[in-house]
Amino acid sequence: MANVPADLRYTKEHEWAKLEGDKARVGITAFAQEQLGDVVFVELPKAGTKVSAMKTFGVVESVKAVSDLYAPLSGEVVEINAELPKKPELVNADPYGQGWMIVIKLASPKEWEALMSAADYEKLIASAGH
Amino acid sequence: MTQTPAPLKRTPLRDVHVKAGAKMVPFGGWDMPVQYTGIIEEHRCVRSAAGLFDISHMGEFEVSGPAALAAVQRVTTNDAAALAIGQVQYSLLCRPDGGIVDDLTLYRLADEHYMLTVNASNIDKDWDWVTEQGGCRAAWSNVSDETGLLAVQGPKAEGLVQRLADTDVTRVPYYHFVKGGVAGVPCLISRTGYTGEDGFELYAPAARLEALWRALLDGGKGDGIQPIGLGARDTLRLEMKFALYGNDIDETTNPLEAGLGWVVKPGKGDFIGREAIEKVRAAGVTRKLVGFEMAERAVARHGYRLLKDGAEVGVVTSGSFSPSLERCIGMGYLRADLAPAGTEFDVDIRGQAHRARVAKTPFVPSKAKKS
């Protein structure tokens with residue numbers, strides 16, 4: 001079974017979001033990194049960029065494929081993971097920890113409720129995986 | 001009306017791959033393992049130890065009889081008459097306009113008996129082509145279904161295969177083969193491969209392939225052998241600038257543009273595509289398939305545009321992260337005057353220009369035994 005932490009919320013595009021006060025930390029799920037394989041490059045927006053829920057905010061490249069990253073929530077990017085350009089493999093090694101990507105200051109906190117719960121996300125990947 | 005996609009074809013080892021935890025993907029109509037543990041790790045395993053590949057999806061045609069050589073000479077561009085029994089040759093099937101129908105390896109099995117190994121995705125197309133164009137007097141047979149094919153590649157490959165073989169494989173030169181038993185399975189043991197490493201391709205009866213697969217994995221445990229998927233096969237061949245049919249060469253590309261003029265032998269007499277290719281040779285090519293290195297970690301993918309001073313000058317055909325070089329490399333068609341090594345240009349990656357430079361190839365030195 002893929003690792004799906006209960007305290008996070010998820011998108012159907014396989015990003016996770018963790019609420020931290022009026023901000024949310026964002027990355028891709030363990031399932032997503034398994035599907036991608038070895039991540040070799042992550043393209044992230046600059047701090048200060050405005051992002052919109054379910055619009056692309058960056059790109060993750062694995063050896064085999066390129067995939068868009070979708071913002072789970074709208075707002076302003078206030079922090080990016082500066083380690084990822086040097087160590088993109090952190091996305092594979094620790095997708096919910098050191099492999100985080102951006103922190104968004106939320107423009108519309110009610111969007112949080114629209115994200116998938118861990119239980120719903122587990123159902124999604126169970127159906128997508130086979 | 002909805003169309004149901006054709007079911008994916010399976011190699012004799014498909015269930016073995018699934019049980020081993022391989023990630024399976026559709027490839028050229030086949031259900032194939034793209035990776036087992038990870039592309040980068042598998043790639044490094046082949047470069048440093050030994051890797052085992054199931055490439056049974058490749059097709060094999062045999063042609064025999066008094067008209068066999070003439071048929072092969074007509075449909076392929078290289079000179080089959082130069083082949084000794086026991087020798088292998090890289091060659092091409094071309095259209096009358098010079099476009100590449102497929103690339104292949106040609107085996108001279110006996111005096112009037114040849115085998116062509118063709119790409120999996122092209123089996124049906126090639127079969128129609130060779131039987132229609134290769135003359136009805138030659139006796140063609142498609143033995144793809146009953147033929148299994150494994151590749152053992154890497155610095156430990158020779159030692160491993162020799163321990164399991166009942167014949168001396170160490171004396172088989174590059175692009176030659178012998179017949180013999182490997183772990184008791186009758187094989188055609190060919191010193192070929194598509195990774196740039198020394199190693200062998202083992203043709204065996206499909207029904208015996210699983211036994212051969214298990215014997216090689218067991219026998220190679222001490223060597224650090226691992227099963228390798230198509231993902232690492234792609235990065236390995238890319239580091240050698242070996243063309244992949246459907247990516248780097250196809251029916252719209254000409255052998256001379258693709259750097260494959262060395263397998264076109266106009267002196268052998270007439271063959272399909274000869275006139276068109278010679279016209280291109282006389283006029284000079286307008287674009288060339290080059291290898292390139294990216295200046296930064298940005299992956300140039302198939303279909304991305306190549307730019308010089310903002311103007312389009314070519315297209316990417318293959319691109320990836322190179323596990324050996326730890327940088328991004330690629331192949332693409334570039335305007336001929338820009339093809340010399342060192343020329344700088346840009347790759348349009350999602351609307352942004354990323355600097356690249358034509359590289360000397362292969363990107364990584366070949367370790368195939370060519371003596």
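Strands here are DSSP runs of E at least two residues long, and helices are H or I runs of at least four, both numbered from the N terminus. I keep that in mind for B:Arg350, which I found in the loop between strand 18 (344-349) and strand 19 of chain B. Note to self: this is a predicted model.

**Entry 1: B:Arg350**

I looked up the backbone of B:Arg350 and got a phi near 50 degrees, which is positive in a residue that isn't glycine. Is B:Arg350 buried or exposed? Neither, as it turns out: its relative accessibility is 32%, and the buried class needs under 20% while the exposed class needs over 50%. So B:Arg350 goes down as partly exposed. Then I checked which partner its side chain has in chain A, and found a salt bridge with the side chain of A:Glu61, N to O at 3.2 Å.

**Entry 2: the contact between the chains**

That salt bridge sent me to the rest of the contact between chain A and chain B. How many salt bridges are there between chain A and chain B? I have four on my list. I also have 13 residue pairs in polar contact between the two chains, counting pairs with both residues at pLDDT 80 or more. On the chain A side, the elements that give two or more residues are helix 1 (30-36), strand 4 (39-43) and strand 6 (56-62). Sorted by class, that side of chain A has eight nonpolar, five charged and three polar residues.

I then took the totals. Chain A puts 16 residues into the contact, and chain B puts in 16 residues too. The area buried between them comes to about 1,400 Å², with carbon and sulfur atoms giving 49% of it. Which three residues supply the most of what chain A buries against chain B? I wrote down A:Val40, A:Val63 and A:Lys64, which together supply 40% of that area, more than any other three residues.

**Entry 3: chain A as a whole**

I counted four helices and nine strands in chain A. Read from the N terminus, the order is β-β-β-α-β-β-β-β-β-α-β-α-α. The radius of gyration of chain A is 13 Å, and the globule rule gives 14 Å for 130 residues, so chain A is as compact as a globular protein of that length. Its C-alpha trace spans about 35 × 35 × 20 Å along the principal axes. I also noted that 51% of the 130 residues of chain A count as buried. For contacts in chain A between residues at least 6 apart in sequence, 63% join residues at least 24 apart.

**Entry 4: B:Ser91**

Back to chain B. B:Ser91 sits in strand 5 (residues 88-94). With a relative accessible area of 0%, B:Ser91 is buried, because the limit for that class is under 20%. What does B:Ser91 touch? Leaving aside residues up to four places away in sequence, I got B:Thr76, B:Thr77, B:Asn78, B:Asp103, B:Leu104 and B:Val263. For B:Asn78 I have a distance as well: its backbone nitrogen is 3.2 Å from a polar atom of the B:Ser91 side chain. I also tried a pair, B:Ser91 and B:Asp111, which are 20 residues apart in sequence and 19 Å apart in space, C-alpha to C-alpha.

**Entry 5: helix 2 of chain B**

Seven of the ten residues of helix 2 (residues 39-48) of chain B are buried, so this helix is largely enclosed by the rest of the structure. The buried ones I listed are B:Ile39, B:Ile40, B:Glu42, B:His43, B:Cys45, B:Val46 and B:Arg47.

**Entry 6: backbone oddments in chain B**

B:Lys241 is another non-glycine residue with a positive phi, near 55 degrees. I placed B:Lys241 in the loop between helix 7 (230-239) and helix 8 (274-283) of chain B. Its relative accessible area is 22%, so B:Lys241 is partly exposed.

Which peptide bond did I flag as cis? The one from B:Thr361 to B:Pro362, with omega near 0 degrees. B:Pro362 lies in the segment after strand 19 (352-358) of chain B.

Notes: Residues numbered from 1 in each chain as written. Chains lettered and ligands numbered in written order. Predicted model: local features only at pLDDT ≥ 70, side-chain atom pairs only at ≥ 80, totals over all residues. Heavy atoms only, no water. Contact = heavy atoms within 4.5 Å. Buried area = accessible area lost by both parts, 1.4 Å probe. Polar contact = N/O pair within 3.5 Å; in protein donor to acceptor, adjacent residues only side chain to side chain. Nonpolar A, V, L, I, M, F, W, Y, C, P; charged D, E, K, R; others polar. Rg over C-alpha atoms; globule rule 2.2 N^0.38 Å. Buried < 20%, exposed > 50% of the residue type's maximum accessible area, 1.4 Å probe, protein only.
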